Number of protein chains: 6
Amino acid sequence: MATVKLIQYADAAPEVQAVFDDIKALRKVKDVNNFWKALANQPKNIQRVWRETKEIMAPRALDAVTKEMIYTAVSIVNNCDYCIHTHTAAAFNKGMSEEQYQELLAVIGLAMQNNGFATGMKVPIDEQFLK
Amino acid sequence: MATVKLIQYADAAPEVQAVFDDIKALRKVKDVNNFWKALANQPKNIQRVWRETKEIMAPRALDAVTKEMIYTAVSIVNNCDYCIHTHTAAAFNKGMSEEQYQELLAVIGLAMQNNGFATGMKVPIDEQFLK
Amino acid sequence: MATVKLIQYADAAPEVQAVFDDIKALRKVKDVNNFWKALANQPKNIQRVWRETKEIMAPRALDAVTKEMIYTAVSIVNNCDYCIHTHTAAAFNKGMSEEQYQELLAVIGLAMQNNGFATGMKVPIDEQFLK
Amino acid sequence: MATVKLIQYADAAPEVQAVFDDIKALRKVKDVNNFWKALANQPKNIQRVWRETKEIMAPRALDAVTKEMIYTAVSIVNNCDYCIHTHTAAAFNKGMSEEQYQELLAVIGLAMQNNGFATGMKVPIDEQFLK
Amino acid sequence: MATVKLIQYADAAPEVQAVFDDIKALRKVKDVNNFWKALANQPKNIQRVWRETKEIMAPRALDAVTKEMIYTAVSIVNNCDYCIHTHTAAAFNKGMSEEQYQELLAVIGLAMQNNGFATGMKVPIDEQFLK
Amino acid sequence: MATVKLIQYADAAPEVQAVFDDIKALRKVKDVNNFWKALANQPKNIQRVWRETKEIMAPRALDAVTKEMIYTAVSIVNNCDYCIHTHTAAAFNKGMSEEQYQELLAVIGLAMQNNGFATGMKVPIDEQFLK
């Protein structure tokens, strides 16, 4: 049903296997998600996307849970089914509580609504934001 | 340039003035933003939206900065100019550091890119998310 | 600032002038909007888009105001500044009341919010809609 | 498959059961849709969303069918599968004719296309909309 | 599961059958896709959409593969499942290579990411684009 | 008006100046666009984004103009004003003809419209795409 083949470990090029190994080690999982098997069709692409993902999602000024919640929020607005499932799960795995998840959803819903109002009425940007 | 009149305090109905007063007191500002002046065309609407905003954005399981960052992320994906300006500023006002802002942007960019990949290749959702 | 030249009547090809004339006659206006001057770079394109617009927006099973409100709703979600301005104005010109406009905005805001909830929680579609 | 449990009536808190009862009475249905069972994880949230939905979707300056059509249009642009199914059905239930539905779709398609043109060519907003 | 009936050839009006025949002849296929069977509920609509599709997607200044790739890119950003499947397949049928497809995805991912950055930071448009 | 400072060459860190130099040399321009000055707030970020952009946008299986047209299409659907201006200009600079641009817009408009129809009617995906 995907538009590309899902590449399994045994069929992957050595440099792709290295990425798979790194993902499995870092995440302590037995197999990588389909997202990575799909990206594996292009060794350069999976290498780049994994390097970025590992670097950007690592906790630094923002902790890991906050980053997963932001990622989930973006995925919900973009309506990316796959990403909603995997990153909501990732947020829970990294420690998001049920209460935090409910508040995440409430903030997203509020922002969606108010985005509609501000865009719909063409509310002019307040002067203090223009200088 | 807005599609509605911006209602100033002096011209507002008493129940709208009460909302303006509440916003100014809570936020310690001299005047409300244009968003509220636009919503003020409909007393019921501004009352409802302010009640929701006050309740949902108050820190509880998620702190105030995290909520503003999530709100900003949604507004960026929805491309709501007005909301991007006001909620990026609100996040800074509530304590977001420059480093956190840079990481917020990086996570949004990564999620946007990966949303494109997962949606474009129609990556099938992994079995563990379907049961 | 546009990415194309805006074609004025005097500079337009005869078949484009014919479209301009038809728009001006039907809408009882002295000049066409910039949208049409931009489309005029491609005679076939402006002819096709005007033919479609005239046919689809004409009142039939849905009246003209309802059609303009739906058009405006789509434009708000797509965040098309130009279209929000012109079609909100068109809805008012064709008879939308201030109260109707406020309700239009409220419905859009509610739908935006609830779209976020349903998409975010991956709410499964009820069985009655699947058969 | 949802990211939350669907709360059934028997397992719901009393204040959630009250919302379920109100929905069932108003809509004359035997059970509420999954959307409400998902929102029921957060009593405050389902109370708020139902209060808003009941108030905003009630016929006033706009009739019930027009409101459902606008809601459906927003849901189509936002690509909310769940909402498209439920609100297209709601529009039909409240009296939308097959002809009106076809015209709704035609207007949405036209607006989508023209949004693309106006945004793509960065058509400058006409002066009459800027003062 | 669709919101409309899918009209089969045998049940279609003569003017719809003529469209089906034209699609089958041009595309050298035994049956038309569900998209056309859904549009067939409205003879005028299917006639108009097919006429547009045939005219716009025909190779002229842009070749057929480039057009299908652009169509696919739009469908990915709009998250139209149906269109992603059919137009990715159409691009392959018309000659898109596996390498080209991988580059198409990479460009879409890059644009998605950079759209997020430019929109999020409200990067001011450079002067040379404003005159 | 941006949410970040625009970093000028003279004020940039050496590793950022190196990126600026590389952009100027490759593009044969005297100064970099505001996009890069905004990204320059985070040396790692501008390094990463420039490395990706240079690699992904370079002609290989797809030529440079086709890549710019796809980038522009994504930016139009995402409504990224900044990106529409810069990448439409880039496409022209790299050789897109006026005729090709008009066809690009026509394909985007058609896809937008048909995305609306397929999503709105929940057209079921044809069997040949599901196996």
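**Exercises on chain contacts in a predicted model**

In this predicted model, a turn of 180 degrees with a shift of 0.0 Å along the axis lays chain A on chain B with an RMSD of 0.0 Å.

**Exercise 1.** Determine which symmetry relates chain A and chain B, and why the copies meet through the same surface.

*Solution.* Begin with the superposition: the turn is 180 degrees and the shift along the axis is 0.0 Å. That is the relation of a two-fold axis. Next, compare the interface residues: 100% of those in chain A are also interface residues in chain B, so the copies meet through the same surface.

**Exercise 2.** Describe the contact of chain A with chain B by residues, buried area and salt bridges.

*Solution.* Chain A contributes 62 residues and chain B contributes 62 residues. The two chains bury about 5,600 Å² between them, with 70% of it on carbon and sulfur atoms. Of the area that chain A buries against chain B, 11% comes from A:E103, A:V107 and A:M121, more than from any other three residues. Finally, four salt bridges are counted between chain A and chain B. A:E103 also forms a salt bridge with B:K67, in which the closest N and O atoms are 2.7 Å apart.

**Exercise 3.** Characterise the crossing of α6(E) and α3(F), including its handedness.

*Solution.* First, identify the helices: α6 spans residues 98–120 of chain E, and α3 spans residues 43–57 of chain F. Their axes come within 10 Å and cross at roughly 145 degrees. The crossing is left-handed. Then consider the residues in contact, including E:L110 and E:F117 of α6(E) and F:V49 and F:I56 of α3(F). By class, this contact has seven nonpolar, four polar and two charged residues.

Key:
Residues are numbered from 1 along each chain as its sequence is written. Chains are lettered from A and ligands numbered from 1 in the order in which they are written. This is a predicted model: local features need pLDDT of at least 70, side-chain atom pairs count only at pLDDT 80 or more; totals for chains, interfaces and linings use all residues. Side-chain values use heavy atoms; hydrogens and water are left out. Axes are lines fitted to C-alpha atoms, for helices over the stretch in contact, and angles run from 0 to 180 degrees between N-to-C directions. Helices (H or I, at least four residues) and strands (E, at least two) are DSSP runs, numbered from the N terminus. A crossing is left-handed if the near helix is turned anticlockwise from the far one by less than a right angle, and right-handed if clockwise. Contact means heavy atoms within 4.5 Å. Ala, Val, Leu, Ile, Met, Phe, Trp, Tyr, Cys and Pro count as nonpolar, Asp, Glu, Lys and Arg as charged, and the others, Gly among them, as polar. Copies are superposed by least squares on the C-alpha atoms of residues with pLDDT of at least 70 in both. Buried area is the accessible area (1.4 Å probe) that two parts lose on being put together, summed over both. A salt bridge is a side-chain nitrogen of Lys or Arg within 4 Å of a carboxyl oxygen of Asp or Glu.
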